[in-house]
Amino acid sequence: MLHSRYDAFSYVENADEKKKKQGNPILLIVSGYLALITLGAILLSLPFAQREPVGILDAFFTAGSAVCVTGLSTIDISSSFTGFGNWVLVFLMQSGGLGIMTISTVIILLAGMHPGFNHQSALLANYTQEGNVDAARILKAVIPFTFILEAIGAVCYFTQFSGMGLYDRIFCSIFQAISSFCNVGFTLFPDSLVQFQLNPVVNMTTCVLALAGGFGFLAITEVRYMFDFKNRALRKISLHTRIAIGFTLIIVLTSIAFFTFSEWGNTFSNLNFGEKLETSAFMAFTSRTAGLNSVNVPALSVGSLFFFIIIMLIGANPGSCGGGIKTTTTAVIFLLGFNRLLGRNKTQVHGRTIPEDTVDKAVRIFVIAIVVIVLATLILLQTEVANASIEQTSFLTVFFEVVSAYSTCGLSMGLTPDLTIPGKIIIFMVMFIGRMGPLFLVSAVTKKQEDGMWYAEEDIMVG
């Protein structure tokens with residue numbers, strides 16, 4: 001009996017020791033992103049990477065924006081970097097979009113080695129809701145899909161990017177395809193895509209790439225195999241994918257209708273009805289997280305700007321290149337409120353009950369987002385108040401920029417290039433937190449309460 005107890009104790013001790021040695025996969029991800037940002041900043045700081053002098057802080061900000069797939073920039077990247085510097089941005093955007101764990105796992109597999117527990121755990125957290133999928137299988141689906149779609153997008157862009165040399169035309173097409181798919185928002189044009197506002201090929205290509213990049217691997221995979229050609233029947237898709245598709249469709253259609261109405265007599269005043277719908281559709285598809293614009297953002301109405309803030313905060317689907325608190329998170333919070341109004345203790349939809357752990361996680365993500373955005377906005381309202389280039393530091397301007405940074409969207413009302421040094425640091429931190437949020441911050445606060453002694457209950461008045 002004593003011997004069996006000793007063996008049990010040794011087993012637990014060895015298990016704990018093994019767990020410590022494995023480390024935290026989330027910490028591995030954070031370290032990987034920081035290392036990549038640092039490497040990118042060093043490369044962008046090299047003299048032969050710059051056409052114009054770029055300070056080390058601006059280099060770090062630009063590298064961070066590319067890796068965090070945000071697209072905010074304190075400088076004009078179209079004129080600041082040489083060909084080498086732009087290739088560095090391509091590498092950073094692609095690595096940031098696919099994810100550090102995806103890139104590192106590919107390298108490990110190419111080297112003939114097997115990815116460790118930490119790599120596989122982090123990779124699965126990015127792309128699936130279950131932990132029983134092989135990492136190699138995920139990569140065989142994600143990598144070809146990404147590169148094929150980006151290649152098709154680059155060809156479409158190439159047919160429209162005229163007026164430049166052959167090499168510049170090819171590179172600009174590749175750059176824009178990667179930026180659109182990875183939902184970064186960088187362009188090599190000083191006005192983003194305003195000059196292509198009425199170009200249907202550029203608009204459609206950008207919308208498709210941005211939607212695909214922000215749709216999520218799990219949802220795309222299920223949609224791809226939704227129809228069983230052998231039996232000529234529809235396969236059943238998961239609740240996750242149904243909510244992701246439904247909420248995305250609601251956001252896009254609502255956005256098109258709202259932008260058409262809100263900007264009808266404003267930025268759309270010189271457009272016919274078809275052009276109004278085309279521009280509204282582009283805004284609806286790209287404003288959530290891609291950060292590309294075909295209209296002058298500061299010229300938009302206050303209603304449109306506030307609506308932008310809402311859909312930027314919601315963002316894209318989980319397991320994608322996009323940011324925000326995610327569509328499914330928002331849907332779960334709405335469903336939680338709706339079910340509570342109906343007097344239900346459980347969150348139900350489509351004949352299913354969403355687990356309480358998932359509901360709790362959604363609430364935590366939302367609360368963290370609000371806290372970070374509010375704190376960052378309050379700090380920026382103080383640090384930028386003395387900036388003479390910003391007229392009285394409009395609250396909406398600062399709030400818009402902070403939400404864009406947290407949601408890794410990249411749309412800007414023009415504040416970022418004029419930020420003070422403290423302001424740049426704050427926005428950089430918000431971008432990084434926004435990119436890490438679902439993995440890092442939530443994991444840091446989701447330590448479960450062990451069953452044990454609880455305090456006595458005492459009610460309070462609410463409402």
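**Exercise 1.** Determine which charged residue lies over the face of F158, and at what distance from the ring centre.

*Solution.* R169 lies over the face of F158, with 4.3 Å to the ring centre; the criterion requires NZ of Lys or CZ of Arg within 6 Å of the ring centre and within 35 degrees of the ring normal. A further case is K276, whose charged end sits over the ring of W264 at 4.6 Å from its centre. The model is predicted, so local features need pLDDT of at least 70 and side-chain atom pairs count only at pLDDT 80 or more, while totals for chains, interfaces and linings use all residues. Side-chain values use heavy atoms, with hydrogens and water left out, and residues are numbered from 1 along each chain as its sequence is written.

**Exercise 2.** Classify the aromatic pair of F247 and F334, and state the burial of each residue.

*Solution.* Rings of Phe, Tyr and Trp (its six-membered ring) pair if their centres lie within 6.5 Å, and planes under 30 degrees apart count as stacked, over 60 as edge-to-face and the rest as tilted. The structure holds 17 aromatic pairs. Among them, F247 and F334 are 6.3 Å apart centre to centre with 40° between the planes, which makes the pair tilted. The pair links distant parts of the chain, 87 residues apart, with F247 in helix α12 (residues 239-262) and F334 in helix α15 (residues 327-341); helices are DSSP runs (H or I, at least four residues), numbered from the N terminus. Buried means under 20% relative accessible area and exposed over 50%, with partly exposed in between (1.4 Å probe, protein chains only). F247, at 15%, is therefore buried, whereas F334, at 56%, is exposed.

Technical notes. Helices (H or I, at least four residues) and strands (E, at least two) are DSSP runs, numbered from the N terminus.
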